[in-house]
Amino acid sequence: MRACLTALIALFLCIERGPLEDERARWRIASGNPFVKEVVLTFDDGPRDRGMPELLAALREADVKATFFLVGKFAERYADITKSIADEGHDVENHTYTHDRLSPLWLEKIMRQAERCNEVIDSLGIPTPRFMRPPGGGFTFTVFRAMRRMNMVIALWSVNSADYTGKSADEIVRGVLGNVRPGAIILMHSGVPATVEAVPVIARELRARGYSFATLRDMWNEGKI
Ligand SMILES: [Zn+2]
């Protein structure tokens, strides 16, 4: 009887876990198509009060459209910079409203964090974010459920530039170029001078290796994620 019960529970777990794991994979991304030499530069934590015009100029000169994960309260405070990011053709996505860690929060609070950020971006006439990057990259099953309810996708990364650790531009370039693969989603940050310096070199070197640049939204719309 006991063995029978155990077998039934195991069967139930298998049935439950299979589709759930599939679904989780669809609602959480960390890279694009590994067979397409296309990468995404992503910039978190903006807009900042300094360094943004320089970053936007570096991307413009390098002819790269990037994906910006903005913090809602900063997007609100620096509305003009937020609009200029979108006006330059970059993809504007969600990095919560206050940049609090999501893992300890209840479902409703998590949804509110993402909703408030979306509301700010919507109010500036910028397309509603499709992706949410959790601060620090940490998330729980509750975060996944919250994003599923909002029809949003959790967007992580496959290459961490670690530009927030005080690395020099050379170190950032070496780290990114050493780890890049087709379909890579590269994590960088707004407001870091060494990153602004690294962007043109990364763009030039990757193009020389046959890579092109896409935004996350384009990759998603073209079915490459
Ligand atoms: Zn962040």
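**Salt bridges, zinc site and core packing**

Arg112 is joined to Glu115 by a salt bridge in which the closest N and O atoms are 3.2 Å apart. The model described here is predicted. Both Arg112 and Glu115 belong to helix α5, where a separation of 3 residues corresponds to about one turn of the helix. An α-helix has 3.6 residues a turn, so residues three or four places apart point the same way. Arg112 is partly exposed, its relative accessible area being 37%, and Glu115 is likewise partly exposed, at 28%.

In total, the structure holds 9 salt bridges. Another of them links the side chains of Lys224 and Glu38, with an N to O distance of 3.2 Å. Because Lys224 lies in the segment after α9 (216-221) and Glu38 in strand β2, this pair ties together parts that are 186 residues apart in sequence. Lys224 counts as partly exposed, with 23% relative accessibility, whereas Glu38 counts as buried, with 11%. Lys224 also forms a salt bridge with Glu222, for which the closest N and O atoms are 2.8 Å apart. Through shared partners, Glu38, Glu222 and Lys224 are thus joined by salt bridges into one network.

Strand β2 also contributes to the zinc site. The protein donors of the zinc ion are Asp45 (OD), His95 (NE2) and His99 (NE2), which lie 2.1 Å from the ion. Along the chain, these donors follow the spacing D-x49-H-x3-H. Asp45 is located in strand β2 (residues 38-46) and His99 in the loop between β4 (91-94) and α5 (107-123), so the pair ties together parts that are 54 residues apart in sequence. The accessibility of these two donors was also computed: Asp45 is buried, with a relative accessible area of 13%, while His99 counts as partly exposed, at 28% relative accessibility.

A further residue of strand β2 is Thr42. Thr42 counts as buried because its relative accessibility is 0%, under the 20% limit for buried residues. A polar atom of the Thr42 side chain lies 2.7 Å from the backbone oxygen of Ile186. Beyond its neighbours within four places in sequence, Thr42 is in contact with Thr67, Phe69 and Arg133, and with Ile185, Ile186, Leu187 and Met188.

Thr67, one of the contacts of Thr42, is also connected to strand β4. Strands β3 and β4 pair in the parallel sense over 4 bridges, and Asp91 in β4 is the bridge partner of Thr67. The side chains of Asp91 and Thr67 are additionally joined by a polar contact of 3.3 Å. Asp91 is buried, with a relative accessible area of 5%. Apart from its neighbours within four places in sequence, Asp91 is in contact with Ala66, Thr67, Phe68, Thr215, Leu216 and Arg217.

The other residues of β4 were examined in the same way. In a regular strand the side chains alternate between the two faces of the sheet. In β4, Asp91 and Glu93 point one way, Val92 and Asn94 point the other way, and all are buried.

Helix α5, which holds the Arg112 and Glu115 pair, was also considered with respect to its length and packing. At 1.5 Å a residue, the 17 residues of α5 should span 24 Å, and the end C-alpha atoms are 24 Å apart, so the two values agree. The buried residues of α5 are Leu107, Ile110, Met111, Gln113, Ala114, Cys117, Asn118, Val120 and Ile121. The elements covering these buried residues include strands β3 (67-70) and β4 together with helices α3 (72-77) and α6 (141-149). Strand β4 is therefore both a parallel partner of β3 and part of the cover over α5. Just after α5, Gly125 adopts a positive phi of about 80°.

Definitions and conventions. Residues numbered from 1 in each chain as written. Predicted model: local features only at pLDDT ≥ 70, side-chain atom pairs only at ≥ 80, totals over all residues. Heavy atoms only, no water. Donors = N, O, S within 2.8 Å, 3.2 Å for Na, K, Ca; no water. Helix = DSSP H or I, 4+ residues; strand = E, 2+ residues; numbered from the N terminus. Buried < 20%, exposed > 50% of the residue type's maximum accessible area, 1.4 Å probe, protein only. Expected span 1.5 Å × (residues − 1). Contact = heavy atoms within 4.5 Å. Pairing = 2+ DSSP bridges. Polar contact = N/O pair within 3.5 Å; in protein donor to acceptor, adjacent residues only side chain to side chain. Salt bridge = Lys/Arg side-chain N within 4 Å of Asp/Glu carboxyl O.
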